[in-house]
Amino acid sequence: MENEGEQSASKIDPTEQSADQIDIASLDQVKPSNDLSSDFSKPKYQRLRFGLLAVLVTGSLLIFVRSVLDSGLGKPTPLIFPENIELAQAKTTNSEAIIDTKNFPFKPKYLSGQSYRFLVDNQPIDIALRYAAGTEGDIPLFLKELINIEFKDDEFRQKIVRRDPIGYYAAFTYQDRAYLTACINPRGISTVTKEQFDDNASNHVMDRDVLIGWLLGQRDLRDRRCLWTLISTPLTSDRDREAVTQKLEKIWISWYEWWKPKFPQP
């Protein structure tokens, strides 16, 4: 009986053997599942790559066509300075064009300006506004080359303050005048130094309208324009310097709010 049992146990059912073989074969087919997923991802990756390539090619063609048809491409829209500006505290009493003929390293590619005089509480307030395009936004450089005011770097940085939501400005006295200065930028906050200007411009590179304008050749990714404002007033012995500085700050806020929405298109 035992021999018969051993013989029956040693017999292999052909059906069972076939099933085992199928299972092994199935396992062999399951192994390359990761390869299959990567195969599925390839077309998606390729579609994305071709899509980006198509956008770049289309953008390049649009820029080329516009460069042929539009001779003004690459030049900023000129700023028409108004003769009179009405602020919350005062009206313009006089204005005239500013012409800067001095050349110096890192001078803005395009530069035009207008000076304004206001009378606030019988105190004359002078504002020099320059529209700078293709600039580094380096106000200490502007002061040195165009106004003949020069500070050591550390000394000037101590005069910079930030007032949200407007941004940075520098307030200082030099010889017999009190000053306040800053760049009004087309996007973001006001700035004083080159580093602040660069950071502010880079913060808006991925804005949707910036990307679309760049693809259409209508604007740069980093808008390197600024309305450089220099506000000043004479200092006299009977005037408290802190009170004068506070007055300049109030005028700066009104000036900023007047010009910010009027920044010209690129």
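## Helix H6 and its salt bridge

Helix H6 spans residues 194-202. Lys-194 and Asp-198 both sit in this helix. They are four residues apart, about one turn of the helix. In this predicted model, their side chains meet in a salt bridge, with N and O 2.8 Å apart. Lys-194 is partly exposed, at a relative accessible area of 31%.

The pair is not isolated. Lys-194 and Asp-198 belong to a network of salt bridges that also links Glu-136 and Arg-224.

## The Arg-224 to Glu-136 link

Arg-224 forms a salt bridge with Glu-136. The closest N and O atoms are 3.6 Å apart. That falls within the 4 Å cut-off for a salt bridge. This pair links distant parts of the chain, with the two positions 88 residues apart in numbering. Arg-224 lies in the loop between helix H7 (208-215) and strand E7 (225-234). Glu-136 lies in the loop between strand E3 (123-133) and helix H4 (139-147).

Both partners are partly exposed. Arg-224 has a relative accessible area of 22%. Glu-136 has 25%. Each counts as partly exposed because buried means under 20% and exposed means over 50%.

## A salt bridge in helix H5

Helix H5 covers residues 153-157. Arg-157 and Asp-153 are four residues apart in this helix, so about one helical turn separates them. Their side chains meet in a salt bridge at 3.0 Å, N to O. Arg-157 is partly exposed, with a relative accessible area of 37%. Asp-153 is also partly exposed, at 45%.

How many salt bridges does a search of the whole structure find? The count is 16. The pairs described here are among them: Lys-194 with Asp-198, Arg-224 with Glu-136, and Arg-157 with Asp-153.

## The disulfide

A search of the whole structure finds one disulfide. Cys-183 and Cys-226 form this bond, with their sulfur atoms 2.2 Å apart. The pair links distant parts of the chain, 43 residues apart. Cys-183 is in strand E6 (residues 177-184). Cys-226 is in strand E7.

Are the two cysteines buried or exposed? Cys-183 has 0% relative accessibility and counts as buried. Cys-226 also has 0% and counts as buried. Both values fall under the 20% limit for buried residues.

## Packing of helix H4

Helix H4 runs over residues 139-147. Its buried residues are Ile-139, Leu-141, Phe-142, Leu-143, Glu-145 and Leu-146. These residues pack against several elements. Strands E2 (110-120), E3, E5 (167-174), E6 and E7 are on the list, as is helix H5.

The contacts of H4 tie in with the features above. E6 and E7 are the strands that hold the disulfide cysteines. H5 is the helix with the Arg-157 and Asp-153 pair. Just after H4, Asn-148 takes a positive phi of about 65°.

## A nonpolar patch on the surface

Phe-50, Leu-53, Val-57 and Leu-61 make a nonpolar surface patch. Its area is about 390 Å². Val-57 lies in helix H3, which covers residues 33-69.

Why can Val-57 count towards this patch? Val-57 is partly exposed, with a relative accessible area of 42%. Patch residues need over 30%, so Val-57 qualifies on accessibility. Nonpolar side chains are joined within 5 Å, and Val is one of the residue types included.

Definitions and conventions. Residues numbered from 1 in each chain as written. Predicted model: local features only at pLDDT ≥ 70, side-chain atom pairs only at ≥ 80, totals over all residues. Heavy atoms only, no water. Patch = residues over 30% accessible without salt bridge, like charges linked within 9 Å, V, L, I, M, F, W, Y side chains within 5 Å. Areas by Shrake-Rupley, 256 points an atom, 1.4 Å probe, with all protein chains shown as cover. Buried < 20%, exposed > 50% of the residue type's maximum accessible area, 1.4 Å probe, protein only. Disulfide = S-S within 2.5 Å. Contact = heavy atoms within 4.5 Å.
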